[in-house]
Amino acid sequence: MSLLIKNGTIVNDDAMFKSDVLVHDGKIVEIAPSIQPTPGLEVVYATDRLVIPGGIDPHTHMQLPFMGEVAKDDFHRGTEAAVAGGTTMIIDFVIPTKGESLLVAYDRWRGWADPKVVCDYGLSMAITSWSPQIAEEMAMVTKADYGINSFKFFLAYAGVFMVRDEEFYQGMLQCAKLRALARVHAENGAVIAERCEHLLSSGITGPEGHTQSRPEELEAEATFRACTMASQANCPLYVVHVMSKGAAAAIAHHRKKGAVVFGEPIAAGLATDGSHYYNEDWLHAARYVMSPPLSRDPSTPNALMRLLAAGELHLTATDNCTFDCHQKSLGKDDFTKIPNGVNGVEDRMSVVWDRGVHAGIIDPMKFVAVTSTMAAKIFNCYPQKGRIAVGSDADIVIWNANATRTISKDTHHHAIDFNIFEGMQVHGVPETTICRGRIVWANGQLRTVQGAGRFVPLPPDSQIVFSAVDNRGKALEPVKVIRSPYEAPSTLQAHDANANIVVKPTVRTAIPPGGASSIQF
């Protein structure tokens, strides 16, 4: 299959230039100012359009079993929503139950995803318990046969996914040994559990209890703690769904000290805030329940975008984990039973363009970096993904920077009956999405084939993640002081030595009227 993209402006993370792009058998084979069409070649005209790398969403949870329910977006509907929004690759999470073999859970996720995905995908592995067997299996899944190069640790969801600090630390030591990236959901799960109990006993049962049980300070504290422990383990750290200014400040603090830490804000946190939790409509408020919750500070979304512009946060994701209104309603009498999760995989690209590029905060090259290239570099699939270049996969989006669209549950491709961005008009529209040289979205219509996406193995030892770690490790090596042999004195010698000590009596003198300067010693 061959495809020619004509008259567009290519945008990579480091350059913009006008050129044509020729695709053959799923790869970009030529980039030149003017490529002439040949018979049988499909031509896509991109005049006055941008030609950008397909988006990479590094944080999704498709058909995740959670809180007694299963997320509505499965790997079919979820990836269809992705390509409709200009995302051509997702990285989902294998999440074993406590004590379950990583290998068993991995096979289950591959069994769910492989027959359904319409675009490429990779996997990250959650560590929900700790044992020597888990450490051994971590080493196994980083091999090429499994293709895992990152492990996620939850400091929240006590009794379900949460690990203790010592387990988290041991896990990071193993990550560092395997040259795999540690990822963390940073909240103080133990304090949250106590706060939930207190709020419920005080009669607060609605969605407003969710945000009150998880104040932003607990995200900031856990982020700082996670970064501190990662530094002690000399392990690069990736903080998922950074939702507050305090968590972002903790990341910046440790980066300034030389730590390798990456911060990931998500579409929900870049475009909405926590005022929704206090809406008088219970169901409206429940739709926004996620963890960490949306910031109650209305200035946070703009602040997070500016931190992306400044390079203090590094890439964007969605934490796409959808539950419909019926599922959300299961917590009508107890906010702790509202399934946590929101949509985002379809709208992330437009939200970031609207709140970033259209708002004048970032340029198109930075947009490509935070929606695609940085993820490809961190997860070690660059330049196969995340770049318009000869030899790269033909994951390409024809982007109309001047068009607008209104987000709505009535037109989205998610499997749920609401959208947290409902009614929001956004600038920046993906007109054509191409996955490995196949057009999968054009003219507002899906052209997908279920199961046509491929699993992308992600090898360990990403250069952007680990290049500084070895030298930093030398600076952190324990220091031993070489001393001459020490012989402790005998008890008798010690008694004799004490007998020769003369203790002068303490003389206390009242301060004279002239003050301290006239005291005689």
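In this predicted model, strand E2 pairs with strand E3 (residues 27–32) through five bridges, and the two run antiparallel. Within that pairing, Leu 22 sits across from Glu 30 of E3. The link between E2 and E3 is a hairpin with two residues between the strands, and Asp 25 in the turn has a positive phi of about 50°. E2 also has a partner in strand E1 (residues 2–11): eight bridges hold E1 to E2 (residues 16–24), again in the antiparallel sense. Here Ile 10 has Phe 17 of E2 as its bridge partner. E1 leads into E2 by way of a hairpin, this one passing through four residues.

Further along the chain comes a stretch with an annotation. UniProt, in an unreviewed entry, puts the feature "domain: Amidohydrolase-related" at residues 50–440. Over residues 50–440, the chain works out at 38% helix and 18% strand. The C-alpha atoms at the two ends of that stretch are 18 Å apart.

Strand E9 (residues 87–94) is a handy place to look next. Eight of the eight residues of E9 are buried, so the strand is largely enclosed by the rest of the structure. One neighbour is strand E6 (residues 55–60), which runs parallel to E9 and is joined to it by four bridges. Another is strand E10 (residues 120–127), paired with E9 over six bridges, also in the parallel sense. Ile 90 of E9 takes part in both pairings: Asp 57 stands opposite Ile 90, and Tyr 121 is the bridge partner of Ile 90 in E10. As background, side chains in a regular strand alternate between the two faces of the sheet. Getting from E9 to E10 involves helix H2 (residues 102–113), and the three elements together make a right-handed β-α-β unit.

Tyr 121 turns up again among the aromatics. It belongs to one aromatic cluster with Phe 75, Tyr 106, Tyr 146 and Phe 455. Phe 455 has a charged companion as well: the charged end of Arg 110 sits over its ring, 4.0 Å from the centre. Across the whole structure, a search turns up 15 aromatic pairs. One of them is Phe 154 with Phe 161, a tilted pair with 5.0 Å from centre to centre and 35° between the planes. Phe 154 and Phe 161 are both buried.

Last up is Ser 150, which lies in strand E11 (residues 150–154). Ser 150 counts as buried because its relative accessibility is 1%, and the cut-off for buried is under 20%. Leaving aside residues up to four places away in sequence, Ser 150 touches Ser 124, Met 125, Leu 181, Arg 183 and Phe 379. Of these contacts, Arg 183 has a ring partner too, with its charged end over the ring of Tyr 238 at 4.4 Å from the centre. Ile 192, by contrast, is 42 residues from Ser 150 in sequence and 26 Å from it in space, C-alpha to C-alpha.

Technical notes
Residues are numbered from 1 along each chain as its sequence is written. This is a predicted model: local features need pLDDT of at least 70, side-chain atom pairs count only at pLDDT 80 or more; totals for chains, interfaces and linings use all residues. Side-chain values use heavy atoms; hydrogens and water are left out. Buried means under 20% relative accessible area, exposed over 50%, partly exposed in between (1.4 Å probe, protein chains only). Two strands pair if DSSP finds at least two bridges between them. A crossover is right-handed if, with the strands pointing away from the viewer, the path from the first strand over the helix to the second runs clockwise. Rings of Phe, Tyr and Trp (its six-membered ring) pair if their centres lie within 6.5 Å; planes under 30 degrees apart count as stacked, over 60 as edge-to-face and the rest as tilted. A charge sits over a ring if NZ of Lys or CZ of Arg is within 6 Å of the ring centre and within 35 degrees of the ring normal. UniProt positions are given in the numbering used here, feature names are shortened, and annotations may be inferred rather than shown by experiment. Contact means heavy atoms within 4.5 Å.
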